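Here is a short briefing on one protein. Look at the sequence and the fold first, then work through the points.

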Amino acid sequence: MLIYSKRNIYIFVFIICILFYFEFLYAQERLNRTDTIHTLIEQLRQGDYSVSWGAIGALEKFPEYKSQIIPTLIEALNFEWKHCSGDIRDAIAGALLKFNAKEAVFPLLNLVRSGKNIEHECAECGCCFLALTPADELVERRLDPFCGFTVLKAVYELADFSHSKAMADIISEGKWKWSLILTLGKVAPPRYAHFISQFKDDSDKTTRMAVTSALGKIDNNTVTVPVLIQILTRKKESFLIRWEASNSLISIWERTNDTTLHQRLIELLDESDT
């Protein structure tokens with residue numbers, strides 16, 4: 001019995017030693033990772049474009065440290081690099097989007113409002129070749145209107161109703177109207193349908209396209225349906241914008257099962273000039 005007792009003690013001590021060893025290795029690994037994070041953060045703050053670009057990509061691989069990384073990324077949005085600042089900000093926005101950093105929406109909106117470059121200057125995005133002109137970006141790239149505009153895409157994906165006024169203020173200043181109108185249509189309270197409708201006659205085709213899409217998403221049929229029908233029945237309006245208006249009307253009908261709207265859509269099909 002004594003032999004078995006000693007053997008059990010040895011086994012117990014051996015297991016404890018193994019556990020302490022693995023705990024030491026885990027602690028060492030965490031220490032190494034922490035050192036790596038600090039190094040990457042310092043590299044991001046440097047003025048060299050390629051070093052900062054690489055640091056952003058590496059930081060994305062440490063989501064468990066996002067509480068340390070996100071504030072640094074937000075701070076870096078307003079940095080200026082000697083070259084390619086727009087590309088770096090685009091990459092930062094992509095990292096913030098991967099981290100689902102909703103606290104970054106207001107800083108991103110401040111960046112959009114500032115007028116600092118948020119477009120590619122050096123690297124080409126794969127889908128950028130599809131755009132023929134700036135005004136055709138929504139028309140030619142309907143599947144991803146934010147292709148090449150990751151800062152704006154991050155706002156679209158991360159924003160909620162609490163950001164509505166800030167976006168409306170920026171739109172009123174004439175900055176990135178198409179993008180923020182799309183985002184308002186997705187997240188804003190119903191009363192913002194009035195605000196979005198103000199831009200149905202905008203001189204920019206991209207903005208008008210965004211209006212027709214946004215009105216199909218916001219929940220305020222009293223405002224949205226008459227405006228969309230007006231756009232749909234414009235003889236001189238772009239075919240694709242009228243097509244988007246019809247899609248939005250159908251989307252509203254499917255969502256609300258409005259029999260009056262259904263009847264009006266049937267009538268529009270019979271009107272030869274629609």
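In which loop is Asn 100 found? Asn 100 sits in the loop between α4 (85-98) and α5 (105-114). Keep in mind that this is a predicted model. The protein has 14 helices and zero strands.

**The whole protein**

- Read along the sequence, the pattern is α-α-α-α-α-α-α-α-α-α-α-α-α-α.
- The protein has 274 residues, and 45% of them are buried.
- Take the contacts between residues at least 6 apart in sequence: 68% of these join residues at least 24 apart.
- The exposed area of the protein is about 14,900 Å². Carbon and sulfur atoms supply 58% of that area.

**Positive phi angles**

- Asn 100 is not a glycine, yet it has a positive phi of about 55°.
- Asn 100 counts as partly exposed because its relative accessibility is 45%, which falls between the 20% and 50% cut-offs.
- Trp 176 is another residue other than glycine with a positive phi, near 45°.
- Trp 176 lies in the loop between α8 (164-172) and α9 (177-187). Its relative accessible area is 23%, so Trp 176 is partly exposed.
- Gly 174 comes just after α8 and takes a positive phi of about 85°.
- Asn 257 comes just after α13 and has a positive phi of about 55°.

**Helix α8**

- Which residues of α8 are buried? They are Ser 164, Ala 166, Met 167, Ala 168, Ile 170 and Ile 171.
- The cover over these buried residues includes α5, α7 (150-158), α9 and α10.

**Helix α13**

- Helix α13 covers residues 239-256, which makes 18 residues.
- At 1.5 Å a residue, α13 should span 26 Å. The C-alpha atoms at its ends are 26 Å apart, so the expected span and the model agree.
- The buried residues of α13 include Ile 241, Ala 245, Leu 249 and Ile 252. Arg 242, Glu 244, Ser 246 and Ser 248 are also on the buried list.

**The nonpolar core**

- The largest nonpolar core holds 78 residues.
- Which members touch the most other members? They are Ile 92, Leu 96 and Leu 108.
- Helix α12 gives the most to this core, with seven residues.
- Leu 96 touches Ile 70, Leu 73, Ile 74 and Leu 77, among others, not counting residues up to four places away in sequence. With the same neighbours left out, its contacts also include Ala 101, Ala 104, Leu 108 and Leu 158.

**Lys 200 and its surroundings**

- Lys 200 is in the loop between α10 (192-197) and α11 (205-215).
- Is Lys 200 buried or exposed? Its relative accessibility is 16%, so Lys 200 counts as buried, the cut-off being under 20%.
- The side chains of Lys 200 and Asp 201 are joined by a polar contact of 2.9 Å.
- Leaving out residues up to four places away in sequence, Lys 200 touches Arg 208, Val 211, Val 227, Gln 230, Ile 231 and Arg 234.

**Salt bridges**

- The whole structure has 10 salt bridges.
- Arg 234 pairs with Asp 201 in a salt bridge, with the closest N and O atoms 2.1 Å apart.
- Arg 234 lies in the loop between α12 (221-232) and α13, and Asp 201 in the loop between α10 and α11, so this pair ties together parts 33 residues apart in sequence.
- Glu 237 forms a salt bridge with Arg 208, and their closest N and O atoms are 3.0 Å apart.
- That pair also links distant parts of the chain. Glu 237 is in the loop between α12 and α13, Arg 208 is in helix α11, and the two are 29 residues apart.
- Both Glu 237 and Arg 208 are buried.
- Glu 237 has a salt bridge with Arg 234 as well, where the closest N and O atoms are 3.4 Å apart. Arg 234 is buried, and so is Glu 237.
- Which residues do shared salt-bridge partners join into one network? The network is made of Lys 200, Asp 201, Arg 208, Arg 234 and Glu 237.

Terms used: Residues numbered from 1 in each chain as written. Predicted model: local features only at pLDDT ≥ 70, side-chain atom pairs only at ≥ 80, totals over all residues. Heavy atoms only, no water. Helix = DSSP H or I, 4+ residues; strand = E, 2+ residues; numbered from the N terminus. Buried < 20%, exposed > 50% of the residue type's maximum accessible area, 1.4 Å probe, protein only. Polar contact = N/O pair within 3.5 Å; in protein donor to acceptor, adjacent residues only side chain to side chain. Contact = heavy atoms within 4.5 Å. Expected span 1.5 Å × (residues − 1). Areas by Shrake-Rupley, 256 points an atom, 1.4 Å probe, with all protein chains shown as cover. Salt bridge = Lys/Arg side-chain N within 4 Å of Asp/Glu carboxyl O. Core = buried A, V, L, I, M, F, W, Y, C linked by side-chain atoms within 4.5 Å.
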